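Subject: Structure for you to look at

Hi,

Here is the structure I promised to pass on. Please open it and have a look around before reading my notes underneath.

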Amino acid sequence: MRIVHLFPDVLRFYGDGGNVATLAQRARLRSIDVEVAEVTVGAGRLPLADLFFIGGGQDREQVTVAGELERLGGQLMDRVADGAALLAVCGGYQNLGTAYRTALGSDLPCPGLLPVSTDAAGRRRRLVGPVVARIGGPALELVSGAMGAPDGRPDPGREAWPVRTLVGFENHGGRTTLALDAAPLADVAIGYGNNGIDGTEGVLIRPGEGGLRGLRIGTYLHGPLLPRNPHLADALIAAALTAGGTPPRLAPLDDTLEWEAHRAARERIRAASGSRHRTPDWVRGLVDPVRNLIGY
Amino acid sequence: MATTIASGVHRRPDRSGASRATAPVRRFAAVGSARVSSVLVGTVRHQGTSLPGHVAARIWPGALPTLAGQLGTTVVVVGTNGKTTTAALVERMLRRPGRRPIANRSGANMEQGIVTSLVRESDLHGRLRRPGEGAPDGVFEVDELALEHVLPALGPTVIVATNLFRDQLDRYGEADSIVDRWAIALAAAPDGSVLIHCADDPRLSMLAAGSGLPSRTFGLTGPPADRNPPGSGDAVADPVACRTCGHQLAYRWRSIGHLGDFACPVGHIRRRPPDMTVRPGPWAGQGDAAGRTLGGIELVLEDATSAAVARPALLGLGNAYNVAAAVAAATALGRGMEGSADAISGYAGPYGRLERLEIDGRHLILMLAKNPVSLGETVRLESLLAPDVVLLAVNDAPADGRDVSWIWDAPIAGLVADRDVVVAGSRASDLRLRLKYDRAGTAPAPSSISGSISLAAGLEAALERTPRGGTLLAAATYTAMMGLRVLAQRQGDAQPAPR
């Protein structure tokens with residue numbers, strides 16, 4: 001399996017490289033040969049690959065990437081049309097949409113690979129904080145397909161696993177809106193998600209939808225995303241292996257560490273935010289400075 | 001360009017009309033309350049508290065300009081990495097017989113922290129104590145976001161900017177936002193201020209170019225020899241774009257992260273030769289006889305008119321930059337280069353930065369690591385320090401940064417390969433995951449459902465695995481490092497190195 005990391009030279013904030021490491025490692029543990037290649041700024045051609053990953057970066061770097069995608073966007077569309085899977089996080093997620101307005105109000109060219117548009121204009125506050133989200137229906141199907149439980153229930157051996165949730169951390173100024181017929185990746189339980197208004201987080205386009213055979217996922221979740229959400233990692237690997245056909249069932253791995261980290265994160269986030277609502281900013285505004293003052 | 005401001009000469013008249021009219025009662029109440037809160041906090045924790053300053057400033061809003069206005073020389077140190085070390089070096093260089101500069105502690109580097117340190121040195125009338133003759137000097141480490149609030153309240157200031165790396169993105173948003181905030185801060189710098197900054201840092205160079213302040217730079221003489229191949233830098237280099245045209249900068253060589261010999265491909269900006277250069281020599285010595293230091297590097301410093309050799313008990317390229325920054329600041333204030341270099345001879349740095357403690361016959365080395373670059377530099381020193389066991393401790397309290405995804409960007413392979421690694425802190429489970437994916441499948445056994453491991457448990461486990469006479473290297477985020485220090489000092493025969 002070949003994984004291509006797009007523009008790691010300019011889009012590699014927030015530990016997103018950990019997503020590539022996770023995908024590669026989980027595939028290797030299933031005795032799949034994995035090759036990881038990088039496409040940096042200035043490349044003329046996109047190699048063939050089973051999975052493309054693009055991460056997040058600063059606003060300034062996204063302008064650079066928009067330029068690159070003007071040249072390479074068509075090729076990326078071809079790869080995904082042929083069945084390559086795609087995971088786009090934060091900046092990459094924004095750049096691959098149908099429209100993106102920068103913080104300064106200019107519109108960047110976008111290849112329209114994801115049915116979302118993003119507006120970062122205006123001095124609105126950044127949407128920053130931990131996220132717990134519930135995976136939507138389409139995503140759950142893919143996840144359970146990869147995990148080998150056809151009816152969506154986890155294997156008996158993994159009953160305690162919270163496969164319906166995603167945990168992560170978001171940090172973005174842009175507000176993203178889904179196209180009317182696009183399905184989100186998940187619904188936000190704690191956090192802002194795509195825009196802090198409609199309760200959606202990310203986008204997921206199943207293989208074959210929209211005329212492209214590859215699975216496409218976009219999200220704002222950092223952390224990085226995949227180490228603590230191994231079910232999503234496996235869904236991507238499975239889709240990548242079959243170029244959008246029926247996903248194989250991957251051999252189960254010992255994911256005790258992953259699920260412990262996932263559960264721990266979920267509990268911490270829930271405890272910190274209290275019941276279903278985020279800690280009001282004014283409370284945090286009082287508590288954090290006091291902690292800083294005392295030196296804790 | 002030699003820029004000198006003589007110390008003690010240009011004391012800005014007290015600008016704050018409010019404080020001139022501030023009733024003595026208010027000042028008394030402010031300083032008195034600060035004293036009381038100092039005692040109260042001291043029972044809980046006393047390192048790095050800003051509470052006294054916060055209390056004083058609430059009662060007496062003009063505290064900072066009034067007290068700072070009584071200082072002779074004011075030096076402010078800002079930057080992502082190296083603030084504390086550089087401020088400590090400058091403080092040493094500015095010492096005179098019988099008097100030390102007023103300085104704040106690294107946990108107290110926001111506005112209130114500076115007020116805390118000033119109030120501690122003031123009498124109940126709001127006058128700074130003046131040991132010896134002349135006004136006291138001030139050396140303050142300032143948090144990146146606090147600079148724009150602090151600078152306008154000070155007099156002419158020597159502003160030392162060490163570097164600008166990616167750090168605590170959940171607080172700052174992006175490194176670029178810090179640059180924007182500093183541009184605002186520098187534009188409001190008091191007349192007569194001077195900017196000392198790293199010539200190898202393109203972010204700072206672009207900032208300095210736009211600030212209009214007289215500046216003096218420090219940097220390396222050429223590509224550092226400890227990178228392989230020389231000048232290739234490391235994997236944690238962030239992309240930096242030219243602020244004029246947006247093109248990514250090109251490099252002839254790199255040192256740490258995005259520092260190096262940079263140039264805009266179109267030609268808008270390029271690295272200028274530094275006013276003061278530093279050339280690190282080899283690691284000198286095995287430490288002192290009592291085993292309290294790890295030895296240090298020889299640093300050859302040179303500017304247009306003089307040269308000197310400094311031999312602090314410090315290690316690593318980051319510290320070479322810190323020493324150059326401090327000497328550049330001291331010489332800008334009229335101190336001699338040789339005297340400044342001598343002032344730091346044998347100095348092993350502030351607490352928590354390669355601090356060496358002895359516990360139960362084992363050597364514990366504490367290293368602060370809070371972002372990919374500082375963790376990367378720790379990894380670089382690994383072959384020199386040769387630890388038997390490594391303890392990684394990551395917390396996510398506000399002072400540490402709530403988002404710990406940066407641990408995935410630091411190349412830790414060199415630190416953890418073929419070695420016993422223990423993890424601790426509130427984000428221990430994230431560390432375990434990180435290790436699992438770095439060490440290709442082998443993972444330490446899971447232990448807790450909560451995902452966090454107490455520092456005490458982690459330290460105990462790590463010490464158990466370290467043979468007597470062996471070395472335990474602990475890399476930790478800020479509050480974890482402070483916690484480990486306290487634990488280590490409590491344990492039996494822990495002997496902290498003299499500072």
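Below is what I found, starting with a sheet in chain A and moving on to a pair of helices in chain B.

One thing to keep in mind throughout is that this is a predicted model.

**The sheet in chain A**

In chain A you will find an open sheet of four strands, ordered β6-β5-β7-β10, with mixed pairing. Its edges are β6 (107–108) and β10 (175–178), each of which pairs on one side only.

If you would like to trace the pairing, start with β5 (residues 99–101) and β7 (residues 116–119) of chain A, which are joined in the parallel sense over three bridges. Along this pair, A99(A) sits opposite S117(A), and R101(A) sits opposite D119(A). On the way to the edge, β7(A) and β10(A) run antiparallel and are linked by four bridges. D119(A) turns up again here, this time opposite R175(A) in β10(A).

**A closer look at R175(A)**

Is R175(A), a residue of strand β10 in chain A, buried or exposed? R175(A) counts as buried, because it has 21 C-beta neighbours inside 10 Å and the cut-off for buried is 20 or more. Setting aside neighbours within four places in sequence, R175(A) has contacts with T118(A), D119(A), N195(A) and G196(A). You can also pick out Y192(A), 17 residues away along the chain, whose C-alpha atom lies 9.7 Å from that of R175(A).

**Two helices in chain B**

Now please turn to chain B and helix α6 (residues 111–120), which is mostly covered, with nine of its 10 residues buried. Among the buried ones are E111(B), I114(B), L118(B) and V119(B).

Helix α3 (residues 51–59) of chain B meets this helix: the axes of α3(B) and α6(B) come within 7 Å and cross at roughly 90 degrees. The two helices are therefore roughly perpendicular to each other, since angles of 65 to 115 degrees are classed that way.

Which residues of α3(B) and α6(B) meet? From α3(B) they are P52(B), G53(B), H54(B), A56(B) and A57(B), and from α6(B) they are Q112(B), G113(B), I114(B), V115(B), T116(B) and V119(B). Sorted by type, the residues of this contact are six nonpolar and five polar, with no charged ones.

Have fun exploring, and do write back with any questions.

Best wishes

How values were computed:
Residues are numbered from 1 along each chain as its sequence is written. Chains are lettered from A and ligands numbered from 1 in the order in which they are written. This is a predicted model: local features need pLDDT of at least 70, side-chain atom pairs count only at pLDDT 80 or more; totals for chains, interfaces and linings use all residues. Two strands pair if DSSP finds at least two bridges between them. A residue is buried if 20 or more other C-beta atoms lie within 10 Å of its own, exposed if 12 or fewer, and partly exposed in between; C-beta atoms are placed from the backbone. Two residues are in contact if their C-beta atoms, placed from the backbone, lie within 7 Å. Axes are lines fitted to C-alpha atoms, for helices over the stretch in contact, and angles run from 0 to 180 degrees between N-to-C directions. Angles under 35 degrees count as roughly parallel, over 145 as roughly antiparallel, 65 to 115 as roughly perpendicular and the rest as oblique. Ala, Val, Leu, Ile, Met, Phe, Trp, Tyr, Cys and Pro count as nonpolar, Asp, Glu, Lys and Arg as charged, and the others, Gly among them, as polar.
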